[in-house]
Amino acid sequence: MLVLGIGNILLQDEGIGIHLLNFMERCFPAFPDVTYLDGGTLSFTLASDIEEHDHLLVLDAVELNAAPGTLCCYENEAMDHFLGTAKRSAHEVGLLDLMDIARLTDHLPKHRALVGIQYQTFGWGEQPTLRVKHNIPLAGRLAANVLQKWEFEAHPPCRPLRQAPKLEIAL
């Protein structure tokens, strides 16, 4: 499983994905088979990282036309649709291009999700705005729920044994 944080931490809310990635690494380090990757502002070199994984979780600033700090989570086809409609992500062209490369090379991760936070501003500064920063822990728990669901699907708990026949004892 690949957790890909994207953004520029020098531009306040534009760095949401990286701030969220750092939160995930600190608070959820124990997920088995998870690779945390700082994707910066995206480049085509990330295509090979994406191709190597069946599960991709992207963390990013998004445009939801909602109040700053609003969270979203889109999985699989819903993520594809979200990226393909209007300008929704601060990095949409690059992320959409990466998904298209994976699709064209038949390496699109079977499971993919986008956890995003509505940004407020992309002004100069190394910290996100207060409303966005306040929701990073909640977005982290949302992302962890996605990873937990994928982990459960990949390794379901043991199935219960068939019920043993009742024994009747005559006295």
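**Exercise 1.** Which residues form one aromatic cluster?

*Solution.* The model is predicted, so local features need pLDDT of at least 70 and side-chain atom pairs count only at pLDDT 80 or more, while totals for chains, interfaces and linings use all residues. Residues are numbered from 1 along each chain as its sequence is written, and side-chain values use heavy atoms, with hydrogens and water left out.

Begin with the pairing rule: rings of Phe, Tyr and Trp (its six-membered ring) pair if their centres lie within 6.5 Å, and planes under 30 degrees apart count as stacked, over 60 as edge-to-face and the rest as tilted. By this rule there are four aromatic pairs. One of them joins F23 and F28, edge-to-face, with 6.3 Å centre to centre and 65° between the planes. F28 also pairs with F31, and this pair is tilted, at 6.3 Å centre to centre and 40° between the planes. The cluster is thus made up of F23, F28 and F31.

**Exercise 2.** Classify F23, F28 and F31 by accessibility.

*Solution.* Buried means under 20% relative accessible area, exposed over 50%, and partly exposed in between (1.4 Å probe, protein chains only). F23, at 12%, is buried, and F31, at 18%, is buried as well, whereas F28, at 21%, counts as partly exposed.

**Exercise 3.** In which sense do β1 and β2 pair?

*Solution.* Strands (E, at least two residues) and helices (H or I, at least four) are DSSP runs, numbered from the N terminus, and two strands pair if DSSP finds at least two bridges between them. Strand β1 (residues 2-5) and strand β2 (residues 35-38) pair in the parallel sense, over four bridges.
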